[in-house]
Amino acid sequence: MTTSTADKVKNVFPRAGEVPAKARIEPLEQKDYLLGGRLKTWKGPAQKVFSPVSTAGPGGPERVYLGSYPKLTEREALAALDAAVRAYDDGKGPWPTASVETRIAAVENFVRRMKEKRALTVKLLMWEIGKSAEDSEKEFDRTVEYIVDTVNALKDLDRASSRLSIDQGVIAQIKRAPLGTVLCMGPYNYPLNETFTTLIPALIMGNTVVFKPPKYGVLLHRPLLEAFRDSFPEGVVNTIYGEGRKIIGPLMRSGKVNVLAFIGSSRVADVLKQQHPKPHRLRCVLGLDAKNAGIVLPSADIGLAVKECLSGALSYNGQRCTALKMLFVHRSVLNEFLEKLVTEVDGLKIGMPWEPGVKITPLPEDEKVPYMAEVIADAVKHGARVINEGGGLTNGNFVYPAVVYPAAPAMRLWREEQFGPVVPVAPFDDVSEPLAYVVDSDFGQQVSVFGSDPDAIAPLVDTLVNQVCRVNVNSQCQRGPDALPFTGRKDSAEGTLSVSDALRAFSIRTLVAAKESGANKDLLRGIMRGRKSKFLSTDFIL
Ligand code: G3H
């Protein structure tokens, strides 16, 4: 007898004693935060942390308690910012004036220490945001790799600028210099990776940093605080915790933040930017909302398209900015596509993040559960159906994926970024229909196109590259590999990130120039041969 989806959902949570020993975790009561090179003890109120994972209790699912972290106030947040500003010291601090080799050595030391904390960090990641153990490990390892690649990219960048140029009688050395103090905030879906893809490039370019972990995925940063403290000069890295609304506004309003590195919603990014009193002094590196479409053409290999759309729409429960959030399928292949998609969704393993092969896990945001129900109900009201068995069933913070068909413009799902396990599918007769959707969208991150006919794909690619920033042919949307540029148009992003682009995003080109006179040549020679300047130098990193 096969178990129905309803039964699987009803029994999705284990009883307390059933959590395997290897996956169990002790609560972590974090009392400290990193300020001015010291771990300061916080004696004020604490924010309790509960996992999206529950255990089955007599009265229903009970969220597992994971510990607590300091609920800092505006005062501590401003003190952290002041520590970072002092460490920058108008560009005179030991960190912004350190040689590239010194900064690389500090980051390499940090990553060595970070690797020692892999097991605990991964476990906290898994419990705090409900990401599968396998994907939590991948997130950690990808982050380490990103840091190593960043070091190598900086070496390349520095080698390329280790020479002087002479143009129209002017001798110049051009290098990249830091921007000042950076406020880094990552998202809950990649709390480690996406925070570090801005934090590390910001640091290695000589900036000083205040960083606030996302609302979910805070404790996992705790094991790394000593490594930050010991690897960088005092005040270069400072951490703050608490309610974003209360502690971030004052930082922006102070006018002392030079770079806002934020991955989250465009609504919040707009508020933060407007709080800065001198907007032109603020550089923004933003990764924001997206509503990436998948377009399945008549010539598509349907098996492949379904596989990619499934993973694109439902990896980590659809909680990825790059997720496929609207699927357009040509009517000629619609039945085959829907049938295969529903079969694949039925085959997804649901369960707890430590279970091998698990694909669908509980959601960290409480409000996401009713939101999923609302957008599904709204779609049904406008003529759609949930076409897979049990789609949209919930238990505590768990939502079973729903395939919603046919999606139509009147529905909220047509425009709103669901960021969860709901897959809207719309039929089309002419490719102008999905194209119009992409053009009208407020977002412009990526798109996926499935097909095998060069005469159909080529014009589509040529149109779409001017609407979004990555056109994926026969594959889902994604950020990686991290060497590729990651950005978006419209409300989807500001600035470009990739291993090498991030180094540029957190720095500015600065040059020293002198007329090519004999006296100036002697002067420059004297500075460089005597190694009197860190900037004016032809040293080549080997
Ligand atoms: O949430 C947005 C992430 O940047 C997506 O990254 O495509 O590697 O999952 P990913």
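A residue counts as part of the shell around the ligand here if one of its heavy atoms lies within 4 Å of the ligand. Everything below refers to a predicted model, with domain bounds taken from an automatic or database assignment.

Start with the overall layout. The protein chain splits into domain 1, residues 34-287, and domain 2, residues 292-485. Taken over C-alpha atoms, the centres of these two domains sit 31 Å apart. Their contact involves 22 residues on the domain 1 side and 24 residues on the domain 2 side.

How big is the interface? The size of an interface is often given as the accessible area lost when the parts come together. By that yardstick, domain 1 and domain 2 bury about 1,900 Å² between them, with 53% of it on carbon and sulfur atoms. Within domain 1, Arg 142, Tyr 188 and Asn 189 give up the most area to domain 2, and together they account for 24% of what that side buries.

Polar links also cross this interface. Between domain 1 and domain 2, eleven residue pairs are in polar contact, counting pairs with both residues at pLDDT 80 or more. Three salt bridges turn up across the interface as well. In the model, Arg 63 pairs with Asp 366 in a salt bridge, with 2.6 Å between the closest N and O atoms.

Now for the ligand. Its shell takes at least three residues from each of domain 1 and domain 2. The residues around the ligand are Arg 142, Asn 189, Tyr 190, Glu 194, Arg 320, Cys 321, Thr 322, Gln 478, Arg 479 and Phe 486. By class, the shell comes out as three nonpolar, three polar and four charged residues. Arg 142 and Asn 189 thus appear in the ligand shell and also among the residues of domain 1 that lose the most area to domain 2.

Several side chains reach oxygen atoms of the ligand. For Arg 142, an N or O atom of the side chain is 2.8 Å from a ligand oxygen. A polar side-chain atom of Tyr 190 comes to 2.3 Å from an oxygen of the ligand, and for Glu 194 the corresponding distance is 2.4 Å. On its own the ligand has 310 Å² of accessible area, and the protein covers 95% of it.

Key:
Residues are numbered from 1 along each chain as its sequence is written. This is a predicted model: local features need pLDDT of at least 70, side-chain atom pairs count only at pLDDT 80 or more; totals for chains, interfaces and linings use all residues. Side-chain values use heavy atoms; hydrogens and water are left out. A polar contact is a pair of N or O atoms within 3.5 Å; within protein, one must be able to donate a hydrogen and the other to accept it, and residues adjacent in sequence count only if both atoms are side-chain atoms. Accessible areas come from the Shrake-Rupley method with a 1.4 Å probe; for residues, only the protein chains shown count as cover. Ala, Val, Leu, Ile, Met, Phe, Trp, Tyr, Cys and Pro count as nonpolar, Asp, Glu, Lys and Arg as charged, and the others, Gly among them, as polar. Contact means heavy atoms within 4.5 Å. Buried area is the accessible area (1.4 Å probe) that two parts lose on being put together, summed over both. A salt bridge is a side-chain nitrogen of Lys or Arg within 4 Å of a carboxyl oxygen of Asp or Glu.
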